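This briefing goes through a single protein chain by topic. The sequence and the model come first, and the notes follow.

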Amino acid sequence: MKQSLIICFNLFILNTLITVSAVSAGTVSLESNTPFVITNHPFSLELIIEDTADLYGIAFDLVYDDASLQVQDNDPGTAEVEPQITEGTVLNSNNTATTFLRAALKDKTPGTLVYGHTRSGDLSGVNISAPVTTARLFLVPLISGTTMLSVAEETLKDSEVNTILDTVWNGIALTVYSELDSDGDGMSDEWEIAVFGDTQTAEATSDYDSDGYSDYQEYLNMLNGEKDPSGNTYDPEAKNAPGGSGYVKNTPNIVPIYLLLLFD
Ligand SMILES: [Ca+2]
Ligand SMILES: [Ca+2]
Ligand SMILES: [Ca+2]
Ligand SMILES: [Ca+2]
């Protein structure tokens, strides 16, 4: 009796393992388009999906601290918030399929954004291997510090409206610097202090790492979510590849003409 129970149990485990390994899995993560954000300056949060088969729909609640962040409103003239969201080319297969995208504040109250996005009609789902951006959500930071965004009620559905199991959802921690710029050089003082330890080292035209991008330009490129021509994030303390936005080639030292004449 005991022996048969053990066999049954082992078979159950084996079946479970087989079932689990046969189900498609995936990863859904939130990523900011910039390494840091600035108070009162909208930024976008990318919803990135990878390793998912037959994806037909996606739904989740975005949970955020409404004292730190607010959802960018498409229509500020009305009382209701109309979240600004742009759709990626994943579910609509490069604009060839009809999709429905709905987003609203839960109970019309800041703190939770309800998001639903699905294909429409008798279509198969989408297979995704490498990470792709399925949508961008726009938010505005209100106060400086670190703020966390997480997901709840999350689900991915396949074309049979089954839940795609074993999907890992990742939230994000954001660094927010105050827009306060007391020395008027265009750069957030809090950012200057975080990078250089003071507000004097970086000025409007200084170039701390002598890479042809001024500190101000590196700051702008970071805020715009740009990468240098080698694909690296801008770093005011490390040389970036030449040729990106605002790159100024260093002029070589020219030997004064009178010195040439002296040795003529
Ligand atoms: Ca400043
Ligand atoms: Ca400064
Ligand atoms: Ca530089
Ligand atoms: Ca640099």
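Which residue of β8 is the bridge partner of L105? The partner is L113. The model is predicted, with a mean pLDDT of 88 over the chain. The chain holds 4 helices and 13 strands, and buried residues make up 25% of its 264 residues.

**Confidence and overall make-up**

- A pLDDT of 70 or more is reached by 85% of the residues in the chain.
- Residues 1–23 have a pLDDT below 50. Beyond near neighbours in sequence, this stretch has 2 contacts in the model.
- Of the contacts in the chain with a separation of 6 or more, 66% join residues that are 24 or more positions apart.

**The β7–β8 hairpin**

- Strand β7 covers residues 99–105 and strand β8 covers residues 112–119. The two pair in the antiparallel sense, over 7 bridges; the L105–L113 pair given above belongs to this strand pairing.
- The two strands form a hairpin, with 6 residues between them.
- D107 is in the turn of this hairpin and has a positive phi of about 55°.

**The largest nonpolar core**

- The largest nonpolar core has 38 residues. Within this core, the residues with the most contacts are L55, L62, L137 and L139.
- Strand β4 (residues 52–64) supplies the largest share of the core, 6 residues.
- Both domains take part: at least three residues of the core come from each of domain 1 (2–177) and domain 2 (180–264).
- L137 is in contact with S44, L45, L47, L62, P83 and I85, leaving aside neighbours within four places in sequence. Of these partners, L62 is also listed among the core residues with the most contacts.

**P83**

- P83 sits in the loop between β5 (69–71) and β6 (85–87).
- P83 counts as buried because it has 20 C-beta neighbours inside 10 Å, and the cut-off for a buried residue is 20 or more.
- Not counting residues up to four places away in sequence, P83 touches V71, A103, A104, L113 and L137.
- One of these partners, A103, is 20 residues from P83 along the chain, and their C-alpha atoms are separated by 6.4 Å.
- The contacts of P83 include L113, which is the bridge partner of L105 in β8.

**Y56 in strand β4**

- Y56 is placed in strand β4.
- With 20 C-beta neighbours inside 10 Å, Y56 is therefore classed as buried.
- Apart from neighbours within four places in sequence, Y56 is in contact with T118, R119, G125, K157, D158 and S159.
- Y56 and H117 are 61 residues apart along the chain, and 8.7 Å separates their C-alpha atoms.

**Helices α2 and α3**

- Helix α2 spans residues 189–196, and its buried residues include E190, W191, E192 and V195.
- Among the elements covering the buried residues of α2 are β13 (172–177) and α3 (215–223).
- G197 comes just after α2 and takes a positive phi of about 90°.
- In α3, the buried residues are D215, Q217, E218, Y219, N221 and L223.
- These buried residues of α3 pack against β2 (37–38) and α2.
- G225 follows α3 and has a positive phi, near 70°.

**Positive phi in exposed loop residues**

- V161 is not a glycine, yet its phi is positive, near 60°. V161 is found in the loop between β11 (145–158) and β12 (167–170).
- V161 counts as exposed because it has 9 C-beta neighbours inside 10 Å, and the exposed class takes residues with 12 or fewer.
- S210 lies in the loop between α2 and α3. Although S210 is not a glycine, its phi is positive, at about 50°.
- S210 has 9 C-beta neighbours inside 10 Å, so this residue counts as exposed.

Methods: Residues are numbered from 1 along each chain as its sequence is written. Chains are lettered from A and ligands numbered from 1 in the order in which they are written. This is a predicted model: local features need pLDDT of at least 70, side-chain atom pairs count only at pLDDT 80 or more; totals for chains, interfaces and linings use all residues. A nonpolar core is a set of buried Ala, Val, Leu, Ile, Met, Phe, Trp, Tyr and Cys residues joined through C-beta atoms within 7 Å. Domain bounds come from an automatic or database domain assignment. Two residues are in contact if their C-beta atoms, placed from the backbone, lie within 7 Å. Two strands pair if DSSP finds at least two bridges between them. pLDDT is the predictor's confidence in each residue, from 0 to 100.
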